[in-house]
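This briefing walks through one protein structure, from its overall layout to a few individual residues. Please keep the sequence and the coordinates open while reading.

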Amino acid sequence: MRAKARLLGHPVHPMLVVFPLGLLPVSFLFDLVALGAGPSWYRVTFWMIFAGVAGALCAAVFGFADWLAVPPGTRAKTIGLWHGAGNAGAVGLFVGSWSLRLGRIADPGALAIFLSGAGVALLLVTAWLGGELVERLGIGVYEDAGPNAPSSLHLARVAPRPRP
């Protein structure tokens, strides 16, 4: 099933998920580094969480659009729902962590760090679910994908297909 939101022939959602999946877990790692290296690392973490949450919200818009196109009553629809709900929960944990840091960026406290860690754990599960959707269920993949498929930049691939 092809993804609905596309840019130059590729689905937009997977292009955007790399930002929250990179920034948010690394922000937690920087929290752990800050425990021994000093509070300046917490400042970096604060802004990484901000950017990661912003990226997650952008990715969610396109992921939701793709989920709406998944046929109802399928395993993919259910897994997509768990994937989206889990990601919303993870973002909520990071928003909680970030809000606890407001006004005390250099010393966020144990609860803020715990929330970030819990968010990373949940992201691991939801990333696996996203992989299940694409790799196992073929969501967002061209029906004619294969080792010799034409380039995604081929005009017929980028332009909308005419409707009969």
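How many positive and how many negative side chains does the protein have, and how far apart do the centres of the two sets lie? In this predicted model, the protein carries 12 positive and 7 negative side chains, and the centres of these two sets are 6 Å apart. The points below take up the overall layout, then the nonpolar cores, and then three polar residues.

**Overall layout**

- The protein contains 5 helices and 2 strands, and when its elements are read from the N terminus on, they follow the order β-β-α-α-α-α-α.
- Taken along the principal axes, the box filled by the C-alpha atoms of the protein is roughly 60 × 35 × 25 Å.
- The protein comprises 164 residues, of which 35% count as buried, and its exposed surface amounts to about 9,500 Å², with carbon and sulfur atoms supplying 73% of that area.
- Among the contacts in the protein with a separation of 6 or more, 72% are accounted for by residues 24 or more positions apart.

**Nonpolar cores**

- The largest nonpolar core consists of 13 residues, and those with the most contacts inside it are Leu24, Ile49, Val53, Phe94 and Leu123.
- Helices α1 (12-37), α2 (40-68), α3 (75-101) and α4 each contribute at least two residues to this core, and the largest share, 4 residues, is supplied by α2.
- Valine 53, one of the residues with the most contacts inside this core, touches Leu24, Val91, Phe94 and Val95 when residues up to four places away in sequence are not counted.
- A second core, separate from the one above, has 6 residues, including Val70, Ala76, Ile79 and Ile139.

**Glutamate 132**

- Glutamate 132 is found in helix α4, which spans residues 110-136, and because its relative accessible area is 13%, which is under the 20% limit, glutamate 132 counts as buried.
- The side chain of glutamate 132 is joined to that of arginine 75 by a polar contact of 2.8 Å.
- With neighbours within four places in sequence left aside, glutamate 132 is in contact with Arg75, Ile79 and Leu137, and Ile79 is also among the residues of the second nonpolar core.

**Serine 116**

- Serine 116 also has its place in helix α4, and it is buried, with a relative accessible area of 0%.
- A polar contact of 3.4 Å links the side chain of serine 116 with the side chain of arginine 101.
- Apart from neighbours within four places in sequence, serine 116 is in contact with Phe28, Asp31, Ile49, Phe94, Ser97 and Arg101; among these, Ile49 and Phe94 are listed with the residues that have the most contacts inside the largest nonpolar core.

**Serine 99**

- Serine 99 lies in helix α3, and because its relative accessibility is 38%, between the 20% and 50% limits, serine 99 counts as partly exposed.
- A polar atom of the side chain of serine 99 lies 2.9 Å from the backbone oxygen of glycine 96.
- Measuring from C-alpha to C-alpha in the model, serine 99 and leucine 23 are 17 Å apart in space, while in sequence 76 residues separate them.

How values were computed. Residues numbered from 1 in each chain as written. Predicted model: local features only at pLDDT ≥ 70, side-chain atom pairs only at ≥ 80, totals over all residues. Heavy atoms only, no water. Buried < 20%, exposed > 50% of the residue type's maximum accessible area, 1.4 Å probe, protein only. Contact = heavy atoms within 4.5 Å. Areas by Shrake-Rupley, 256 points an atom, 1.4 Å probe, with all protein chains shown as cover. Lys, Arg positive; Asp, Glu negative; His and termini not counted. Charge placed at Lys NZ, Arg CZ, Asp CG, Glu CD. Polar contact = N/O pair within 3.5 Å; in protein donor to acceptor, adjacent residues only side chain to side chain. Core = buried A, V, L, I, M, F, W, Y, C linked by side-chain atoms within 4.5 Å.
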